[in-house]
Amino acid sequence: QVQLEESGGGLVQTGGSLRLSCVVSGRTFSSYVMGWFRQAPGNEREFVAAIRWSGRATLYASAVRGRFTMSGDSGKNTVYLQMNDLKPEDTAVYYCATAPFGSGTDYRNRNHYNAWGQGTQVTVSS
């Protein structure tokens, strides 16, 4: 039912920056947890960041903490992932996803999310 669409990927050099966007439709933005995941060829889809809009709480994977920042714009029903100091190991398809909020839920677990976008490619040259 919910629709998510990512954009903003591209090709950058090591140390560069990109800002990814995810537009959400079909549900109220503030009612859900939003997450970013990434997947490189042959690898598992891994957690990057998540946000609970109503509580303004964020969660980051250790590999990106201090370099990536997740934020949201409720007026545009859009979440963002600002990626700074990019490294070759950040190369992957990046997906946004939504999950219902629940106390005690581990939002690092991709299996908790029930709607996904199609992904946007991020490539970082070495």
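Buried means under 20% relative accessible area. The model used in these exercises is predicted.

**Exercise 1. The disulfide**

Find the disulfide, place its two cysteines in the chain, and decide whether each is buried or exposed.

Solution.
- Start with the chemistry. A disulfide is a covalent bond between the sulfur atoms of two cysteines.
- Count. The structure holds one disulfide.
- Name the partners. Cys-22 and Cys-96 are joined, with their sulfur atoms 2.0 Å apart.
- Place them. Cys-22 is in strand 3 (residues 18-25) and Cys-96 in strand 9, so the bond links distant parts of the chain, 74 residues apart.
- Assign the hand. The angle about the S-S bond is 55°, and the link is right-handed.
- Apply the cut-off to Cys-22. Its relative accessibility is 0%, so Cys-22 is buried.
- Repeat for Cys-96. Here too the value is 0%, so Cys-96 counts as buried.

**Exercise 2. Around Leu-4**

Locate Leu-4, judge its exposure, and list its contacts beyond its sequence neighbours.

Solution.
- Locate it. Leu-4 belongs to strand 1 (residues 3-7).
- Judge exposure. The relative accessible area of Leu-4 is 3%, which means that the residue is buried.
- Set aside neighbours within four places in sequence. Leu-4 then touches Cys-22, Val-23, Val-24, Met-34, Cys-96, Ala-97, Thr-98, Ala-115, Trp-116, Gly-117 and Gln-118.
- Cross-check with Exercise 1. Both disulfide partners, Cys-22 and Cys-96, are among these contacts.
- Add a distance. From Leu-4 to Glu-89 is 25 Å, C-alpha to C-alpha, and the two are 85 residues apart in sequence.

**Exercise 3. The salt-bridge network**

Trace the salt bridges that involve Arg-38 and Asp-90, and say which residues the network links.

Solution.
- Recall the principle. Side chains of opposite charge can pair when their charged atoms come close.
- Count over the whole structure. The search finds four salt bridges.
- Begin at Glu-46. Glu-46 bridges to Arg-38, with the closest N and O atoms 2.7 Å apart.
- Compare exposure. Glu-46 is partly exposed at 37% relative accessibility, whereas Arg-38 is buried at 6%.
- Move on from Arg-38. Its side chain also meets that of Asp-90 in a salt bridge, at 2.8 Å from N to O.
- Place this pair. Arg-38 is in strand 4 and Asp-90 in the loop between strand 8 (78-83) and strand 9, so the bridge ties together parts 52 residues apart in sequence.
- Check Asp-90. With 0% relative accessibility, Asp-90 is buried.
- Take the next step. Asp-90 forms a salt bridge with Arg-67, the closest N and O atoms being 2.8 Å apart.
- Place Arg-67. This residue is in the loop between strand 6 (57-60) and strand 7 (68-73), 23 residues from Asp-90.
- Check burial. Asp-90 and Arg-67 are both buried.
- Conclude. The network links Arg-38, Glu-46, Arg-67 and Asp-90.

**Exercise 4. Aromatic pairs**

Classify the ring pairs that Tyr-113 makes with Phe-37 and with Tyr-107, then name the cluster.

Solution.
- Choose the descriptors. A pair of aromatic rings is described by the distance of the centres and the angle of the planes.
- Count. The structure has five aromatic pairs.
- Take Phe-37 with Tyr-113. The ring centres are 4.9 Å apart and the planes stand at 80°, so this pair is edge-to-face.
- Place the pair. Phe-37 is in strand 4 (residues 32-39), while Tyr-113 is in the loop between strand 9 (92-100) and strand 10 (115-116), 76 residues apart.
- Check burial. Phe-37 is buried at 0% relative accessible area, and Tyr-113 is buried at 5%.
- Take Tyr-107 with Tyr-113. The centres are 6.4 Å apart and the planes are at 75°, so this pair is edge-to-face.
- Check Tyr-107. Its relative accessibility is 9%, so Tyr-107 is buried.
- Name the cluster. Ring pairs join Phe-37, Phe-47, Tyr-107, Tyr-113 and Trp-116.

**Exercise 5. Charge over ring**

Which rings have the charged end of Arg-19 or Arg-52 over them?

Solution.
- Take Arg-19. Its charged end is over the ring of Tyr-80, 5.3 Å from the centre.
- Take Arg-52. Arg-52 lies over the face of Phe-101, at 4.0 Å from the ring centre.

Terms used: Residues are numbered from 1 along each chain as its sequence is written. This is a predicted model: local features need pLDDT of at least 70, side-chain atom pairs count only at pLDDT 80 or more; totals for chains, interfaces and linings use all residues. Side-chain values use heavy atoms; hydrogens and water are left out. Helices (H or I, at least four residues) and strands (E, at least two) are DSSP runs, numbered from the N terminus. Buried means under 20% relative accessible area, exposed over 50%, partly exposed in between (1.4 Å probe, protein chains only). Contact means heavy atoms within 4.5 Å. Rings of Phe, Tyr and Trp (its six-membered ring) pair if their centres lie within 6.5 Å; planes under 30 degrees apart count as stacked, over 60 as edge-to-face and the rest as tilted. A charge sits over a ring if NZ of Lys or CZ of Arg is within 6 Å of the ring centre and within 35 degrees of the ring normal. A disulfide is a pair of cysteine sulfur atoms within 2.5 Å.
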